[in-house]
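Colleague: I've just opened this one and don't know my way around yet. Could you walk me through it?

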Amino acid sequence: MRRTLVALLAVVLCAATVLAGPKFLAVWKAPDVARLNFAGKKVAALVMAEDQSLEMSAEESLVRQLNARGVNGIATYRIVPREELHSAEKAKPWFERAGVAGVVAFRLVNRDVEKSYTPAVWSSSYYQTFWGYYSYGWSGLYIPGSSHESTTIVVETLVFSLTDDKLLWAATSETKDPKTLQTFVADLVEASVNEMKKMKLVG
């Protein structure tokens, strides 16, 4: 019985993990591109965020995911000075000097925080009748209501070829209640690659 419960719990946890992953709202690929081939080439990880610490940590996490797939990933903050990052004219020479062949860009489109509330519950065996409750009423057990905060993050993921200066693949996804930044980026990259596989854009 215990083994059965453990196995059932494992299935439930796996299912919860799957449900917590990114959900793609829209996916597109360039109609004239049959395959992505960035193996061995330098690809910049670009996270468009005003928060510098978020940008840096997310780009490094994305670089790790790119490197794990045979791509020579590099974080954009390492090659482009922050004061020149927001200008295409100023940033372009830095990418060119670094020999970047492609870019994987993440842009936060929306972050929605929703609060739900569980009504208060009173629990007592004396609640069956008013007079049965009356003598006990002042000492009845009160369980206060609880609130839960749910966060939904919508991200635009874009893959560009800098050699051709062209958008190759794009997707918009939403993730509910991401646990950590590293897990969020890893799940998003993994899910994006799976979507590209469906389109036969990568092997």
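Colleague: Which element supplies the largest share of the lining of the second largest pocket?

Modeller: Keep in mind that this is a predicted model. The second largest pocket has a volume of about 370 Å³. Of its 19 lining residues, the closest to the centre are Leu66, Val71, Val193, Met196 and Val202. Helix 2, strand 4, strand 7 and helix 5 each give two or more residues to that lining, and the largest share, four residues, comes from helix 5.

Colleague: And how many residues in that second lining are nonpolar?

Modeller: Let's sort the lining of the second largest pocket by class. One residue is charged and four are polar. The nonpolar ones number 14.

Colleague: What distance separates the end C-alpha atoms of helix 5, and what span should its residues give?

Modeller: Helix 5 covers 181–198. With 18 residues at 1.5 Å a residue, helix 5 should span 26 Å. The distance between its end C-alpha atoms agrees with that, so both values come to 26 Å.

Colleague: Which residue just after helix 5 takes a positive phi?

Modeller: Helix 5 itself has a set of buried residues, among them Phe184, Leu188, Val193 and Met196. Step just past the end of helix 5 and you meet a phi of about 60°, which belongs to Lys200.

Colleague: Over to the largest pocket, then. Which element gives the most to its lining?

Modeller: The largest pocket has a volume of about 660 Å³. Of the 22 residues lining it, Leu46, Met48, Ala88, Ala91 and Phe95 are the closest to its centre. Strand 2 (42–48), helix 3 (88–97), strand 4 (102–118) and strand 7 (146–161) each supply at least two lining residues. The one giving the most, with five residues, is helix 3.

Colleague: How many charged residues are in the lining of the largest pocket?

Modeller: Split that lining by class again. There are 14 nonpolar residues and two polar ones. The charged residues come to six.

Colleague: Is Glu55 buried or exposed?

Modeller: Glu55 is found in helix 2, residues 52–67. Leaving aside neighbours within four places in sequence, Glu55 is in contact with Val47, Ala49, Tyr77, Arg82 and Leu85. Buried means under 20% relative accessible area. Glu55 has a relative accessibility of 1%, so Glu55 counts as buried.

Colleague: How far does helix 2 reach from its first C-alpha to its last?

Modeller: Helix 2 has 16 residues. Its buried residues include Ala58, Leu62 and Leu66 as well as Glu55. At 1.5 Å a residue, the expected value is 22 Å, and the model's helix 2 is close to that, reaching 22 Å.

Colleague: What about Asn72: which class of exposure does it fall into?

Modeller: Asn72 has its place in strand 3, residues 72–75. Not counting residues up to four places away in sequence, Asn72 touches Gly40, Lys41, Lys42, Val43 and Asn67. Partly exposed lies between the 20% and 50% cut-offs. At 37% relative accessibility, Asn72 therefore counts as partly exposed.

Colleague: Last one, for the whole chain: how many helices and strands are there?

Modeller: Buried residues make up 35% of the 203 residues in the protein chain. Along the sequence, the pattern runs α-β-β-α-β-α-β-β-α-β-β-β-α. Count the letters by type and you get five helices and eight strands.

Notes:
Residues numbered from 1 in each chain as written. Predicted model: local features only at pLDDT ≥ 70, side-chain atom pairs only at ≥ 80, totals over all residues. Heavy atoms only, no water. Buried < 20%, exposed > 50% of the residue type's maximum accessible area, 1.4 Å probe, protein only. Contact = heavy atoms within 4.5 Å. 1 Å grid on protein atoms, 1.4 Å probe; cavity = no way out; pocket = protein on both sides within 12 Å on 5 of 7 lines; lining within 4 Å. Points joined across faces, edges and corners; volume = space filled by probe spheres on them. Nonpolar A, V, L, I, M, F, W, Y, C, P; charged D, E, K, R; others polar. Expected span 1.5 Å × (residues − 1).
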